[in-house]
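Colleague: Please show me the sequence and the model, and then I will ask about them piece by piece.

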Amino acid sequence: MSLYNQSVSKIEHHTQTYLDDVYKKVTERDPHEEEFHQSIHVFFNSIKSTLIKNPTYIEHNILERLVEPERTVVFQVPWVDDSGKTQVNRGFRVQFNSAIGPYKGGLRFHPTVNMSIVKFLGFQQIFKNALTNQPIGGGKGGSDFDPKGKSDQEIMRFCQSFMTELSKHIGPYKDIPAGDIGVGAREIGYLFGQYKRLRGQYEAGVLTGKGLHYGGSLGRKEATGYGVIYFVQEILKSFGLYLGGRNIVVSGSGNVSIYAMEKAIELGAKVVACSDSNGYIYDPNGINLETVKRIKEVEKKRIFEYIDHHPSATYVEGCSGIWTIPCDIALPCATQNEIDETMAQTLIKNGVKIIAEGANMPSTEEAIRILQENDIIFAPAMAVNAGGVAVSSLEMSQNSSFSSWTLDQVDTKLQRIMKSIYRSCIEAAEEHNQSGNLVVGANIAGFKRVADAMIDQGVV
Ligand code: NDP
């Protein structure tokens, strides 16, 4: 072995030892946080080449500082249900990293929410936010409260109790929550109302995803889903291809799914399936989005109702079977770990060309490996679903300048941001000799921005 090769392998060995040591510390410190460990494992594997190239990141022990949130808050949320009974839920806010701006990230209300889920989401949010090039740090929060089946009054009382504690930790220059699973315009409205009452002043910039009557931005509701499709368009364009005529399967039928479907259909694609947490519908004629919107957004009912209106469609109980439907493009837009190894193999067998993650961490690490080994274009959540937080940041800009932009203005900015994220991913992957690997590209591009800011600011 030449002297040069010997020194390269020594640096590689040193880097791998550092990554293993930090990973071990994390898993030993919080052994039950499986989703958090999964997100760190994928992240560490994909940024190794930039640590080898820039040893200063190890010298400053950046990774150990990144994996420990700057602050976590866990609190009791007591509330009274419609029958007069007192209920208790658990609330969380993880303020992960503020190197490039105030903490920013959504709130999730779902029975599965725990510290592991909030930490994996918060950790990924750091780099996603950095990729948008907006001045926002990373955070996330939520509660194990289940809004399903609750009355409006119950949801309002829960949100008021949740905000009573959360308000002590957030603010327009400190931490700006938004929505996520189970938290839409209605919940944000109740949260904002309570924050305003507690503070005794109007601070529009404390939450994003607000209603249009009181400081919300046009285009925020659509932003994540539209952004997913703008990112897919960039991928297709790089091969001289277009969305028109492609078959798409989208999981979920919530905020991200509905607006991904809307933009895909507008651009000439055919969406043949979507789902909710009970099952999925398949409509070979193409999903009728108006019906889905009415069932899910207005009536807040289950997706199986769709087949009563469209005899060409079928309904299947259970969620994972949606990935057995042949498609050109698969968009997992529901929740974490929807696509495992078996589903990845099924998608490949059925001819999928692109998988773009609308949800956060919807593919397992094993699924990602199989897809990449089979040359399927795999676009990670960190880049693909960043349109939501990007427009949240535009909402903050409008609030602080007392202005409101037209839908066209917001949409043009969103398209520009998604293009720029795609370019950053491609360039970072090329720079690290892994052309086309969007996981490596997204993670490195986001990581470098945050790590460089941390070094500039010293040990704080
Ligand atoms: P919503 O609550 O609006 O919708 C979630 C959808 O996923 C619903 O259709 C829900 O079904 C379904 N779902 C939830 N859990 C499961 C499950 N275990 N199995 C199958 N389906 C399930 O959430 P969003 O659309 O806002 O969020 C979806 C994903 O996108 C999440 O991973 C979120 O973190 C991510 N995301 C969201 C952003 C946003 O701006 N909203 C921004 C970036 C990422 P049901 O109707 O039965 O509850």
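The questions and answers below go through strands and helices in turn.

Modeller: This is a predicted model, in which local features need pLDDT of at least 70 and side-chain atom pairs count only at pLDDT 80 or more, while totals for chains, interfaces and linings use all residues. Residues are numbered from 1 along each chain as its sequence is written, and side-chain values use heavy atoms, with hydrogens and water left out.

Colleague: In what order do the 7 strands of the open sheet stand?

Modeller: Helices (H or I, at least four residues) and strands (E, at least two) are DSSP runs, numbered from the N terminus. Two strands pair if DSSP finds at least two bridges between them. The pairing in this sheet is mixed, and the order is S9-S8-S7-S6-S10-S11-S12.

Colleague: Why is one side of strand S9 and of strand S12 left without a neighbour in the sheet?

Modeller: Strand S9 covers 314-317 and strand S12 covers 377-379. Both stand at the edges of the sheet, so the reason is that each has a single partner strand.

Colleague: Which residue of S7 stands opposite Val249?

Modeller: Strand S6 (residues 247-250) and strand S7 (residues 270-275) run parallel and are joined by 3 bridges. Opposite Val249, the residue in S7 is Ala273.

Colleague: Which residue of S8 stands opposite Ala273?

Modeller: S7 pairs with strand S8 (residues 279-282) in the antiparallel sense, over 3 bridges. The two strands form a hairpin with 3 residues between them. Opposite Ala273 in S8 is Tyr282.

Colleague: What angle does the direction of helix H9 make with that of S7?

Modeller: Helix H9 (residues 255-266) packs on the sheet and touches S6, S7 and strand S10 (329-331), where contact means heavy atoms within 4.5 Å. Axes are lines fitted to C-alpha atoms, for helices over the stretch in contact, and angles run from 0 to 180 degrees between N-to-C directions. For H9 and S7 the angle is about 170°.

Colleague: How many residues of strand S4 are buried?

Modeller: Buried means under 20% relative accessible area, exposed over 50%, and partly exposed in between (1.4 Å probe, protein chains only). From S4, Gly137, Gly139, Gly141 and Ser143 point one way, Gly138, Lys140 and Gly142 point the other way, and all are buried. For strand S4 (residues 137-143) the count is 7 of 7.

Colleague: Which residue of S4 is the bridge partner of Leu107?

Modeller: On one hand, strand S2 (residues 86-97) runs antiparallel to S4, with 6 bridges. S3 pairs with S4 in the parallel sense, over 5 bridges. The partner of Leu107 in S4 is Gly141.

Colleague: How far does helix H15 reach from its first C-alpha to its last?

Modeller: Helix H15 (residues 387-400) has 14 residues. The expected span of a helix is 1.5 Å times one less than its number of residues, and for H15 that is close to the reach found, 20 Å.

Colleague: Which helices and strands do the buried residues of H15 pack against?

Modeller: H15 is mostly covered, with 12 of its 14 residues buried. Val389, Leu394 and Met396 are among them. They pack against strand S3 (103-109), helix H5 (115-131), strand S5 (175-178), helix H8 (220-238) and helix H16 (407-431).
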